[in-house]
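Me: Could you take a close look at one part of this protein for me, the salt bridges and their surroundings? I would enjoy a connected walk through it, with the numbers kept in.

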Amino acid sequence: MEANEKEAALGMAAPTDKKKKSVLAKYEGVICLAVVFGLFYYLGQSMGMANMLNTLMHTAHDLLLNTVFYLMGICVLTGALGRIFVEFGVVKMLEKMLRPLMRPLFHLPGVASLGAVMTFLSDNPAIISLASDKRFSSYFKKFQFISLTNFGTAFGMGLLVMVFMVGQGFFWQPLVGFFGAFCGCVVSTRLMQYFVIKNFPNYAVEDVVADHSEIEKEEAKVEKSGFIRVLNSLLDGGRTGVDVGLAIIPGVLIISTLVMILTFGPDSDGNYTGAAYEGVALLPYLADKVNFIFDWLFGFADPHLIAFPITALGAVGAALGLVPNFIAQGWVDGNAIAVFTAIGMCWSGYLSTHTAMLDSLGYRELTPKAILAHTVGGIVAAIVAHLLYMTVMLF
């Protein structure tokens, strides 16, 4: 019945969509080649083909050694810490503390706070593993259940982002960014719920789990000694951290390398040598044309900083890889760290995860709505972080 409703809602546009896809299918190979060769021609003409290739390889190699492995180390430690918190009831305690905030702020049942804690300690998909549990999903109406994608993403990899910023020598600014991400999450979640109810009004009253007899009973836990519980938690959490560290390698190496070559310029003498972190400085050139907008909204004093939120759209790990070089160049101040933390947490690579997350929930057709809502939420998070930082600096 539910599938028929979805098909009826989308059926009118199906023939037109098929025609568009068939036209694109004919020329997508040509378009792909044009884009790839156009990009490499532009870079090679500016830098020289040999220098461009050397810069790409040297930048990727340096990111792998000095950024990815550093992030992996943080992932292992935070993964172990997160699993300890789960095993010994800290997560449940936090869930009880946060539960009163869920209904008035997010219009979600109190149990949703567990999803926020889990994604904060790990990554966006953690909310999906919870949502697949019928004991968890039975608390939700359908419109609330679908908005979990936006809700969980806004806290994804939060601990990693904050620990990384502290590791760069900034201590209270990440807390400002965390508050900004929290506000962005409220906006994104509420906006997504509005979109869902507008498209599917019946979802406002329908329960996710109609037959509560399907809810499985929780399996009895086997009692283990405290030492074994600690050891298992540390090793299992650390192993999860390794998986996360490996998962961010493609994003850091591919996206960060491309963004950096479009962000940085030639060496100090104005020459291209093929060294790491050289580039054509296209993004700063474009951002400089409208930098008054970013300066007004986010407080970005340097146009290079716009590379962080652009990269965070696809992978927050890749965006974090930009920060050490920004600091070395002297472009970063406390305000930038607060805004980076807010937008890095709130967006946390949502363009690369929202489709898969909604698909696993069974609502793939609502992906554009989720992306739009989360784009707005991330911008709000950055603005709030900037305004709060400026307020704090007045005292």
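Reply: Happy to. Let's begin at Arg239, which is partly exposed, with a relative accessible area of 49%. Please keep in mind that this is a predicted model, and that the values below are computed from it.

The side chain of Arg239 meets that of Asp236 in a salt bridge, with 2.9 Å from N to O. Asp236 is also partly exposed, at 30% relative accessibility. Both residues sit in helix α12, three residues apart, which is about one turn of the helix. A value of 49% puts Arg239 in the partly exposed class because exposed is reserved for values over 50%.

How many salt bridges does the whole structure hold? A search finds three. Besides the pair in helix α12, there are Lys141 with Asp207 and Lys142 with Glu206.

Take Lys141 and Asp207. Their closest N and O atoms are 2.9 Å apart. Lys141 belongs to the loop between α7 (134-137) and α8, while Asp207 belongs to the loop between α11 (173-199) and α12 (226-247), so this salt bridge ties together parts that are 66 residues apart in sequence. Lys141 is partly exposed at 29%, and Asp207 is partly exposed at 35%.

Now for Lys142 and Glu206. In this salt bridge the closest N and O atoms are 2.8 Å apart. Lys142 is in helix α8 and Glu206 is in the loop between α11 and α12, so the pair links parts that are 64 residues apart in sequence. Is Lys142 buried or exposed? It counts as buried, with a relative accessibility of 8%, because the buried class takes in values under 20%. Its partner Glu206 is partly exposed, at 25%.

Following helix α8 to its end brings us to Ser147, in the loop between α8 (142-146) and α9 (148-153). Ser147 is buried, with a relative accessible area of 0%. A polar atom of the Ser147 side chain lies 2.7 Å from the backbone oxygen of Gln144. Which residues does Ser147 touch beyond its neighbours within four places in sequence? They are Leu108, Thr189, Met192 and Gln193.

What about covalent links between cysteines? A search of the whole structure finds zero disulfides. Cys185, for example, is in none: the nearest cysteine sulfur, that of Cys346, is 6.6 Å away. That separation rules the pair out because a disulfide needs two cysteine sulfur atoms within 2.5 Å. Cys185 is buried, with a relative accessible area of 0%, whereas Cys32 is partly exposed, at 46%.

To set all this in the whole protein: there are 21 helices and zero strands. Of the 395 residues, 45% count as buried. Among the contacts with a separation of 6 or more, 78% are between residues 24 or more positions apart. The accessible surface comes to about 19,500 Å², and carbon and sulfur atoms account for 67% of that surface.

Key
Residues numbered from 1 in each chain as written. Predicted model: local features only at pLDDT ≥ 70, side-chain atom pairs only at ≥ 80, totals over all residues. Heavy atoms only, no water. Buried < 20%, exposed > 50% of the residue type's maximum accessible area, 1.4 Å probe, protein only. Helix = DSSP H or I, 4+ residues; strand = E, 2+ residues; numbered from the N terminus. Contact = heavy atoms within 4.5 Å. Areas by Shrake-Rupley, 256 points an atom, 1.4 Å probe, with all protein chains shown as cover. Polar contact = N/O pair within 3.5 Å; in protein donor to acceptor, adjacent residues only side chain to side chain. Salt bridge = Lys/Arg side-chain N within 4 Å of Asp/Glu carboxyl O.
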